Protein chains: 2
Amino acid sequence: MMRTVHVELGERSYPIYIDSGLLPKAAAYLIKHGMSMKSPHLIVTDDKVAPYHLETLRTSLEQAGFKTVVSIVKSGEGSKSLQVFEEVMTSAIQGGLDRSSSVIALGGGVVGDLAGFVAATYMRGIAFIQMPTTILAHDSSVGGKVAVNHPLAKNMIGAFHQPELVLYDLDTLKTLPPREVSAGLAEMVKHGLIKDQAFAYWCKEHAAELLALDQDALGYGLQRGVSIKAEVVSQDEREGGLRAILNLGHTIGHAIEAVAGYGEFLHGEAISIGMAGSALLAEALSRGEGLHAETTAMLKALNLPVVLPDHLKEDDLMAAMKHDKKFKEGTMIFVVPDSIGSVSIVKDIPEQLVRDILKQLRKGGEAHV
Amino acid sequence: MMRTVHVELGERSYPIYIDSGLLPKAAAYLIKHGMSMKSPHLIVTDDKVAPYHLETLRTSLEQAGFKTVVSIVKSGEGSKSLQVFEEVMTSAIQGGLDRSSSVIALGGGVVGDLAGFVAATYMRGIAFIQMPTTILAHDSSVGGKVAVNHPLAKNMIGAFHQPELVLYDLDTLKTLPPREVSAGLAEMVKHGLIKDQAFAYWCKEHAAELLALDQDALGYGLQRGVSIKAEVVSQDEREGGLRAILNLGHTIGHAIEAVAGYGEFLHGEAISIGMAGSALLAEALSRGEGLHAETTAMLKALNLPVVLPDHLKEDDLMAAMKHDKKFKEGTMIFVVPDSIGSVSIVKDIPEQLVRDILKQLRKGGEAHV
């Protein structure tokens, strides 16, 4: 069953197509969206995704008359580096990409962010097409945020660059390891937590089907998650204000990823712990009783971690947060829940309070009042 | 005498202030444009400009209460690399730049392009301020094109990112070596050649004053050059069509720079030879008699080269042109003069004709019919 979500951004609006069996028909969508048959298109993917899906996509495109060039990067956050970025740029130049070409991201969030930043900056910007192969990428495929990491901080080098279209083939999710399924569902439930109480509870109630990749549940969950994000992004494309609510759990989450070294935690796992922390913060600020218990119950239902491990030191986490983009003009800013399904941006959070929250989070929230 | 040119780009409009004595008053302009006193501002400059002007600028800003961070790169095109880009990014992160910070380019085109690309991509884009210290930079400070080079092709990695303001202190031009003065004037006369016959002849008639850096002549020449470019950019911010006329001389010029290795020719020298080539192409296409003689007379008056040197091989130049962004979907596109002060975009130029032009250009145009 085809589900289409339109991301409304004026001239830069684009559709997200969600269904099974889309990759073998990819060429039809490129044609529909006016992609050039004369100019080559660069498929960026990684060494884990390529064996499963690259030939399917390439065959569809080549048989329809499109020219393709391929760049396969190593799987994992390490590929979001300037060095790998330059290698993909080399493929683009050697492959003869011009201004009518596109960059196609076939993969998860890392491939999407990397390929998107290539599309945003190759010849100062060419067309970008996303073909997500993870659940997590339902989040990164909406909003046009593309980036690579700097050794000192995540996503520090990037741009806003909207795709022409997103082709979300549910069949590609079947090969995901269970840990990645859970990590992807963390962003899905996050969309409920910030803006849709019913959807947050729906995620918890349908946790078993989602974890089992039931196509109906997954199709609906992705459609609803993508729609919530699209609503927020439509109102604030360049992250001037409202859009910051999407960062629920990300301030602590990014710090966890940075301190642990990219790789130990999947992004969704880190923000799951971060969302548990945000709930503790809400309670400390007397914004909502029982939020931590409610939130962690949802996250645990999706097999997600909610406790900060001991080996991540408080001082290191604090230092990493200060490099975070949410740290503006010397004050700490957090997204804090008001209730399940609603959040606020809270400024001027004292550093000491954040340190207290980290201590509680290490004990799974047990120590909180 | 203050001359102000407004670049009209809707929300992204900005002023260019042209006068003597602006750097010591820089803080007043940052305040006028609402720059934050809380967030640090990164001054990017090079090792040739820094000894002359860095302290003047820094003192003005610090005394007014602004916080500054400095990144000094090596002078020359070599600094427009991803490696130097990453180093400047490191300074930005270590200096604590946030979303209310700005990147200030104090220098010529290389510093402007590099610092501008840092501003365009740091945290997905922060404010950018240009303080050009060369004549050539009057060109690059209008239009928002920022970029670094890929080893295989110039300006291949970049963005469109408009500055908040441009502060053009004529005093900084006094220390320019004569060769750089001439190279800068190449872009000035180019603006006459594409869109303003009277201005093109004015540049020729006032060549001696311009070369002597007479403040009145220079002030007027920069104002007019900047205004012409601003008119074109206002009509076509993202280089969809019209803006391509600004590339007069650049297809051959970029190829010369690429084949000679960045450094042998100054950019203005390379495009001077390129503009001579474009005039030959116009005559070969029967678009205008005597254009080559007229054009080269203007360029020579400004002490600019108009002959292609023997050591740059034809095949290498052709290969470099094929990597150029002006090479679209397999056909060669050139900006060709119709008369002095008017040009057209001509598509589908046969490769063999371009080879013939290169041969004529090597003989200074003597061989042409």
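This tour moves through a predicted model, beginning where the two chains touch and then stopping at single elements and residues of each chain.

**Where chain A and chain B touch**

Start by colouring the two chains separately and selecting the residues of each that are in contact with the other, which gives 38 residues from chain A and 38 residues from chain B. Between the chains an area of about 3,500 Å² is buried, and carbon and sulfur atoms give 60% of that area. If you look for charged pairs across this boundary, the count of salt bridges between chain B and chain A is zero, while eight residue pairs, with both residues at pLDDT 80 or more, are in polar contact. Keeping to the chain B side, select α3 (82-94), α4 (109-121), β7 (145-150), β8 (153-160) and β10 (327-328), each of which supplies at least two of the residues that touch chain A. Of the elements on this side, α3(B) gives the largest share, with seven residues. Colouring the touching residues of chain B by type then shows 17 that are nonpolar, ten that are polar and eleven that are charged.

**Helix α12 of chain B**

Next, select residues 291-301 of chain B, which form helix α12, and pick out its buried residues: L291(B), H292(B), T295(B), T296(B), M298(B) and L299(B). Turn the view until you look down the axis of α12(B), and these buried residues fall within an arc of 155 degrees, so they line one face of the helix. On the other side of α12(B) you will find A293(B) and K300(B), both of them exposed. Continue along the chain to N303(B), just after α12(B), where the backbone takes a positive phi of about 60 degrees.

**Two further positive phi angles in chain B**

Move now to R124(B), in the loop between α4 and β6 (127-132) of chain B. Its phi is near 65 degrees, a positive value in a residue other than glycine, and R124(B) is buried, with a relative accessible area of 5%. After that, select strand β12 of chain B, residues 342-349, and find D348(B) within it. D348(B) also is not a glycine, yet has a positive phi of about 55 degrees. Is D348(B) buried or exposed? With a relative accessibility of 55%, D348(B) counts as exposed.

**Two buried side chains in chain A**

Switch to chain A and select strand β7, residues 145-150, in which N149(A) is found. N149(A) is buried, its relative accessible area being 8%, and its side chain can be followed to two partners. One is the side chain of E77(A), joined to that of N149(A) by a polar contact of 2.8 Å; another is the backbone nitrogen of N155(A), which the side chain of N149(A) reaches at 2.7 Å.

For the last stop, select S79(A), in the loop between β4 (68-73) and α3 (82-94) of chain A. S79(A) has a relative accessibility of 3% and counts as buried. Show its side chain, and you will see a polar atom of it lying 2.6 Å from the backbone oxygen of K74(A). What is S79(A) in contact with, once its neighbours within four places in sequence are left aside? Displaying the surrounding residues brings up V73(A), K74(A), V84(A), V110(A) and L114(A), with which S79(A) is in contact.

How values were computed
Residues are numbered from 1 along each chain as its sequence is written. Chains are lettered from A and ligands numbered from 1 in the order in which they are written. This is a predicted model: local features need pLDDT of at least 70, side-chain atom pairs count only at pLDDT 80 or more; totals for chains, interfaces and linings use all residues. Side-chain values use heavy atoms; hydrogens and water are left out. Contact means heavy atoms within 4.5 Å. Buried area is the accessible area (1.4 Å probe) that two parts lose on being put together, summed over both. A salt bridge is a side-chain nitrogen of Lys or Arg within 4 Å of a carboxyl oxygen of Asp or Glu. A polar contact is a pair of N or O atoms within 3.5 Å; within protein, one must be able to donate a hydrogen and the other to accept it, and residues adjacent in sequence count only if both atoms are side-chain atoms. Helices (H or I, at least four residues) and strands (E, at least two) are DSSP runs, numbered from the N terminus. Ala, Val, Leu, Ile, Met, Phe, Trp, Tyr, Cys and Pro count as nonpolar, Asp, Glu, Lys and Arg as charged, and the others, Gly among them, as polar. Buried means under 20% relative accessible area, exposed over 50%, partly exposed in between (1.4 Å probe, protein chains only). The arc is that of the directions from the helix axis to the C-beta atoms.
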